[in-house]
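Me: Hi! Could you walk me through this structure? I'd like the overall picture, then the charged pairs and a pocket.

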Amino acid sequence: MKKVPNRNQFSKILGLSLIAFLLFVSPLTAQDEAAAEATATEAAAGAGDAKKGKSLFNQNCAACHALNRKMTGPALENVEARLSEEEGLDREWLYAWIKNSPGVIKSGDAYASKLYAEYNQAAMTAFPTLSNTDIDDILAYTAAAPAAAPAPVAGSTDVAAGGTGGSSGVSNEVILGALVLVFGLLVVMLLLVNKTLQRIAQANGVVLEKENAEKRTPIWKVFAQNQFLVLATAIFLLLGSAYFAYGWMMQVGVDQGYAPIQPIHYSHKIHAGDNKIECKYCHSSARVSKHSGIPSLNVCMNCHKSVYEYTGNPEGPSQEDLENGYTNEFYTGEIKKLYKAVGWDEENQKYTAESQPVEWVRIHNLPDFAYFNHSQHVSVAGVECQTCHGPVEEMEIMYQYSPLTMGWCIDCHRETNVKVEGNEYYEKIHAELSKKYGVDNLTAAQLGGLECGKCHY
């Protein structure tokens, strides 16, 4: 018998290569986690807690004051030091002013009278419930140096080639090269194994021959000669085409998923989600009118007279937000668009009367022949806004969540029970129809919600 050369040394080489590769790549699986903590500098003039002061400032002062800019009231950064240097006022004066500013003005205090005149004779709200310790904390916060913004967390794809920039990891090019090397070794091993098996077969007298395939009739000719198969295929294609054509035509006028770009970017995710603003605060006419209405810009200014920039969430923007360009600067720029449209002068905190309309793009639009009343559903039936509009508190860009088709409305009327509690109008009707249908709770359909004239008039 012919001897076949031993190929075990190649298997050893492959095994050693795999072990070396795993030892080379294993450091990449462990990443160091470091959290940067900002420490607030306390004011030299007092022993207040700046951290507590920040919370108190946001609760009581932030509606009218900012640290570094004039708003409804003056800027409050280093307010104690400034008043001491410029006006000769001490902390006791601040205690009296914060707790009872109208009383300080009436006492004839010169600086209090000056502030009162400068800010259109609008006295500051008195805070008698704040203790001296609370005020110390607030003053410590106003005197603290602004914390440095946290450095952006770099993803694994941001590591520079060759491990530069202080990174101790291995670059993607090195990893890719190692993978290519291992793959090449595997290919070589397969070729050598195949060659070895062929030599063993030849040494044992095994002859590999390819069987000649018998000539057969092409399948397309067999199909064409069978009239039944041709007829069945034609019927199937016609029915399939009719089905897809019907499905396409039924989608005409259905704009589910429609999400137009608005002239001013408005994030329902931030307003309704993060800040928990109720839908009906902005869309107030939904409670009493057929239409939900477009909120007036004055409604926006109720908050944005004070909220002049977007500072984001404490945990910072998500990777998805950064990829879409939703940075703090982007949102602040949209607030400036609002100011321009409403004619608001940030510097002087007053309206300029130079406003311009915002051309909002309508998202939900029912046909003219379909009647829908928001107040009937929202106030009477108690239907939540999310039932039709979806999870708006999660939408960065508002889109049409539901199909708003006739079938979708009918299904809702068939499944939704009528809200009878506290509504005397339905009590007698509900009692009689409940006996008629033999049910405890009537659906909107059983109450006449499927009559054509209810929605088409």
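Reply: Happy to. One term before the pocket comes up: helices here are DSSP runs of H or I with at least four residues, numbered from the N terminus. Also, this is a predicted model.

Me: Good to know. How many helices and strands does the chain have?

Reply: The chain has 21 helices and 2 strands.

Me: And what share of the residues is buried?

Reply: Of the 457 residues, 25% count as buried. The accessible surface comes to about 32,500 Å², and carbon and sulfur atoms make up 57% of that.

Me: What about contacts between residues far apart in sequence?

Reply: Taking contacts with a separation of 6 or more, 66% of them are between residues 24 or more positions apart.

Me: Okay, on to charges. How many salt bridges are there?

Reply: There are 6 salt bridges in the structure. One of them joins the side chains of Asp136 and Arg91, at 2.7 Å from N to O. Asp136 sits in helix α7 (residues 132–143) and Arg91 in helix α4 (residues 91–99), so this pair ties together parts that are 45 residues apart in sequence.

Me: Are those two buried or exposed?

Reply: Asp136 and Arg91 are both buried.

Me: Got a pair inside a single helix?

Reply: Yes, Glu334 and Lys337 form a salt bridge at 3.2 Å, N to O. Both lie in helix α15 (residues 328–342), 3 residues apart, which is about one turn of the helix. Glu334 has 8% relative accessibility and counts as buried because that is under the 20% cut-off. Lys337, at 39%, is partly exposed.

Me: Which residues are linked in a network of salt bridges?

Reply: Arg69, Lys336 and Glu346 are linked that way. Separately, Lys280 pairs with Glu278, with their closest N and O atoms 3.5 Å apart. Glu278 is partly exposed, with a relative accessible area of 48%.

Me: Switching topic: how much space lies in the second largest pocket?

Reply: That pocket holds about 970 Å³. It is lined by 41 residues, and the closest to its centre are His65, Thr72, Gly73, Pro74 and Met124.

Me: Which helices supply at least two residues each of that lining?

Reply: Those are α3 (79–86), α4, α6 (110–118) and α7. The largest share comes from α6, with 5 residues. You've met α4 and α7 already, as the helices that hold Arg91 and Asp136.

Me: Nice link. How do the lining residues divide by type?

Reply: The lining of the second largest pocket divides into 25 nonpolar, 9 polar and 7 charged residues.

Technical notes:
Residues are numbered from 1 along each chain as its sequence is written. This is a predicted model: local features need pLDDT of at least 70, side-chain atom pairs count only at pLDDT 80 or more; totals for chains, interfaces and linings use all residues. Side-chain values use heavy atoms; hydrogens and water are left out. Buried means under 20% relative accessible area, exposed over 50%, partly exposed in between (1.4 Å probe, protein chains only). Contact means heavy atoms within 4.5 Å. Accessible areas come from the Shrake-Rupley method with a 1.4 Å probe; for residues, only the protein chains shown count as cover. A salt bridge is a side-chain nitrogen of Lys or Arg within 4 Å of a carboxyl oxygen of Asp or Glu. On a 1 Å grid over the protein atoms alone, a cavity is a set of points where a 1.4 Å probe fits but cannot get out, and a pocket is an open set with protein on both sides within 12 Å along at least five of seven lines; lining residues have an atom within 4 Å of a point. Grid points are joined across faces, edges and corners, and a volume is the space filled by probe spheres set on the points. Ala, Val, Leu, Ile, Met, Phe, Trp, Tyr, Cys and Pro count as nonpolar, Asp, Glu, Lys and Arg as charged, and the others, Gly among them, as polar.
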